There are 2 protein chains.
Amino acid sequence: MNIPQIDLPRVVIIGAGFSGLKVAKLINTHRYQVVIIDKRNYHTFQPLLYQVASTGLEPDSIAYPVRKILKSQKNTFFRLCNVENIDKDKNILNTDIGDLSYDILVIATGAGNNFFGNDVIEKNSLPMKSLIDALNLRSKILGNFEEALNTKDLNRRESLMNFVIVGGGPTGVELAGALAELRNKVLAKDYPDLDLRQMKINLIESAPRVLANMAEKSSEVAYKSLKELDVLIWTNTFVKNYENNVVSTQTDLTFNADTLIWAAGVKGNMLKGISNEDQGKGNRIIVDEFCKLKSSDNIYVLGDVALIESDLYPNGLPMLGSVAMQQGVYLANLLNQKAKGKKSKPFVYKHKGIMATIGRNAAVVEMGNLKIQGALAWAIWMFVHLMLLVGFRNRVVVFINWLWKYVNFNNSLRLIIRPYKTLI
Amino acid sequence: MNIPQIDLPRVVIIGAGFSGLKVAKLINTHRYQVVIIDKRNYHTFQPLLYQVASTGLEPDSIAYPVRKILKSQKNTFFRLCNVENIDKDKNILNTDIGDLSYDILVIATGAGNNFFGNDVIEKNSLPMKSLIDALNLRSKILGNFEEALNTKDLNRRESLMNFVIVGGGPTGVELAGALAELRNKVLAKDYPDLDLRQMKINLIESAPRVLANMAEKSSEVAYKSLKELDVLIWTNTFVKNYENNVVSTQTDLTFNADTLIWAAGVKGNMLKGISNEDQGKGNRIIVDEFCKLKSSDNIYVLGDVALIESDLYPNGLPMLGSVAMQQGVYLANLLNQKAKGKKSKPFVYKHKGIMATIGRNAAVVEMGNLKIQGALAWAIWMFVHLMLLVGFRNRVVVFINWLWKYVNFNNSLRLIIRPYKTLI
């Protein structure tokens, strides 16, 4: 049995995402006892969620059990629980399985969907931030086609085959492209008795162009590639409401659609116990240049939920996996130095680039001044994502799936099982 | 678009299991229009469900979408629905998506759990007949360990770590072996702060030996292999009740267990509209030697739900995949002959053998007079199951998983997501 070494200061990490796991893996466990907690027992590789939703990958190959990731770490403990409150005065975390004291707290809770206060849209739309969301969406898409086959109500059939994706960022663009390929290559074979031309994929973006955070050239390529796949793109368009299967916008434009997928905004996953003064834009927690909560000496915040304001990034660093990973590495080093009585330099973000894939042989990659499009960008995108996946088995299985899809456009991952929930 | 050819007689097949799919694939679609219906959109390879439950395989690799299996079949249609009633007089099937007329009906609904009328056990136990059951069981096992870590109530911890499997047939034996390997090789690493010796796996069998349908030598080998894996075996034991986490038996023996897995009995999935006279032992439908319902000229019954009484098999043929497949091939031929005005000979079952695996390098195989045990039996078991899987991609992924497990005893398929349901 692994008996906790109780004379070491205890670092509690909330969240087993990119940043939380980096800290847990790189921290010196001769100097610290580590407890990492999460509401799920697995780490999710979020960048590939859209492929699970569009029947391209099985869920198990983009998720990895936290316990397995950390199995060779000494003095490291995982607990599956929900955090209810942070008691900063007592250095205690209140959770649904009891209280947990900490010497150092690392908040890495990530980001969730931002519906900008619209409860109706929140209730009626499908999000795509978790593995469970992606699985529910997969079942919903396939279930819609089964129902479309059986209805004689043409209006209902139109609605079932009309998909609206709100948000033209990487998630929306990648999902739109994947759904279009699913329609053209897979569903047309699966549903020979349906007229698949009736399936519409609408991508709605409030900005004047898709991939608004990337260079104009990348937006153009993405736009063109999506058009080639018969995706309908609506820029400068705001979704105002979604009720009774009708999507309304700021103009006369409406959509009769049974499925609305929300990829329009994210916000930090805030915790109770963080004071109002420490909360900034986008529901994120304001930290200093050492990723430390300004009002505390022993609380650090990393990844999507952390807000470091700087001249270069007045709205905080982008919510990217690479930011989270760099901050995780940084904090592990800072804590290791601190244990030796040494101080660390402030965190500096090195922008590694940004990329999105639209479909077969089509992607856009921006690395520094280098801007790549087309088949080469697609190959880079695939290589980078394969390498970032946790676990060699997962890489092999994902690679086989991709190769399979490339050769014959068709795999077999189309089970309808829903709803999925996390519930123990 | 695939326009139904309406001048052909329509064969409706209920169930996309082994027998239903064989008929759909082998029937002459120049002579018949085929409609196959199922309450799920996928075919489940039931013999490997226990590996999904014990975290050995991902669900997607042992299930295959029905539409994909049948995509190159002409005049063949799939509908996802539940059958509510058979109206034999009108030759109409009432389903939850409307009525469907048939010229020939094939009932291949398979078998479900038989709790022998004990509603309390049915309510409190976990079955293992569907993919959803297997996924729920996987989450339950892992969730129990997370909870066991956090409870200070030693009685509760014992209960969480105590697993009772009722039924010492192939399903029970294979699951017991897989759980024991999970404990010894995987959970011990995942939960270093739990004393895994406290995890108990109890296999309860009412007969005097496990694998009672196989030869005594096979039972002995299975018994010995399970003992080596520290499975507790209770033969000659009947489970009488399971309430408040206490399993009671016909003697003083009780178990304090949070999890009871029911693998003790199956019964045919009966349909409304089948008269009492047509129902036989084990909730199965009595058919003649042509697999035809005695009271009808155009209704056939195949697989687990069909009861052909013979001198050699007074209780009907065993509920095995190989019986179902042979009957499916037989009926497709019979119908193809019938379309030409020819008659067929009665169905004759050729026993291909029976096998079960207990764990690494341990299995028992009986083929005719040949009885094999140990590593060779294990290799045969693996080869046969790989070849029976639908889809080359699935074979590759399953093979990688097995190879992986053989080399390092550990994969990464341990997501807790539940409950799973089929719901569109």
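The legends below accompany close-up views of a predicted model.

**View 1. Strand E2 of chain B and the directions in which its residues point.**
Strand E2 of chain B spans residues 33-38 and is mostly covered, since 6 of its 6 residues are buried. In a regular strand the side chains alternate between the two faces of the sheet. Here B:Gln33, B:Val35 and B:Ile37 point one way from E2(B), while B:Val34, B:Ile36 and B:Asp38 point the other way, and all of them are buried.

**View 2. The pairing of E2(B) with strands E1 and E5 of chain B.**
Strand E1 of chain B, made of residues 10-14, runs parallel to E2(B) and is joined to E2(B) by 5 bridges; within this pairing, B:Ile13 stands opposite B:Ile36. Strand E5 of chain B, residues 76-80, is likewise parallel to E2(B), again with 5 bridges between the two strands, and here B:Phe77 is the bridge partner of B:Val35. The two E2(B) residues named in these pairings point in opposite ways from the strand, B:Val35 on one side and B:Ile36 on the other, and both are buried. Between E1(B) and E2(B) the view also takes in helix H1 of chain B, residues 18-26, and these three elements make a right-handed β-α-β unit.

**View 3. The side of chain B that touches chain A.**
Across the interface, 50 residues of chain B are in contact with 49 residues of chain A. On the chain B side, at least two residues each are supplied by strand E4 (63-65), helix H3 (66-69), E5, helix H5 (131-150), helix H7 (170-190) and helix H11 (392-408). Sorted by class, this side of chain B has 24 nonpolar, 10 polar and 16 charged residues. Because 98% of the interface residues of chain B are also interface residues in chain A, the copies meet through the same surface. E5 thus appears in two of these views, as a parallel partner of E2(B) and as one of the elements that supply residues to the side touching chain A.

**View 4. The relation between chain A and chain B.**
A turn of 180° with a shift of 0.0 Å along the axis lays chain B on chain A with an RMSD of 0.0 Å. The two copies are therefore related as by a two-fold rotation axis.

**View 5. The two assigned domains of chain A.**
The domain assignment of chain A gives domain 1, which comprises 10-39 + 81-113 + 267-339, and domain 2, which comprises 119-264. The C-alpha centres of these two domains of chain A lie 34 Å apart.

**View 6. Three loop residues of chain B, B:Asn236, B:Asn283 and B:Asp297.**
B:Asn236 is found in the loop between strand E14 (232-234) and strand E15 (239-243) of chain B, and its phi is near 55°, a positive value in a residue other than glycine. With 13 other C-beta atoms within 10 Å, B:Asn236 is partly exposed. B:Asn283, in the loop between strand E19 (266-268) and strand E20 (285-286) of chain B, also has a positive phi, near 60°, and B:Asn283 is partly exposed, with 17 other C-beta atoms within 10 Å. B:Asp297 lies in the loop between E20 and strand E21 (299-301) of chain B, where B:Asp297 has 7 other C-beta atoms within 10 Å and is exposed. The C-alpha atoms of B:Asp297 and B:Ile104 are separated by 8.6 Å, although the two residues are 193 residues apart along the chain.

Note on methods:
Residues are numbered from 1 along each chain as its sequence is written. Chains are lettered from A and ligands numbered from 1 in the order in which they are written. This is a predicted model: local features need pLDDT of at least 70, side-chain atom pairs count only at pLDDT 80 or more; totals for chains, interfaces and linings use all residues. A residue is buried if 20 or more other C-beta atoms lie within 10 Å of its own, exposed if 12 or fewer, and partly exposed in between; C-beta atoms are placed from the backbone. Helices (H or I, at least four residues) and strands (E, at least two) are DSSP runs, numbered from the N terminus. Two strands pair if DSSP finds at least two bridges between them. A crossover is right-handed if, with the strands pointing away from the viewer, the path from the first strand over the helix to the second runs clockwise. Two residues are in contact if their C-beta atoms, placed from the backbone, lie within 7 Å. Ala, Val, Leu, Ile, Met, Phe, Trp, Tyr, Cys and Pro count as nonpolar, Asp, Glu, Lys and Arg as charged, and the others, Gly among them, as polar. Domain bounds come from an automatic or database domain assignment. Copies are superposed by least squares on the C-alpha atoms of residues with pLDDT of at least 70 in both.
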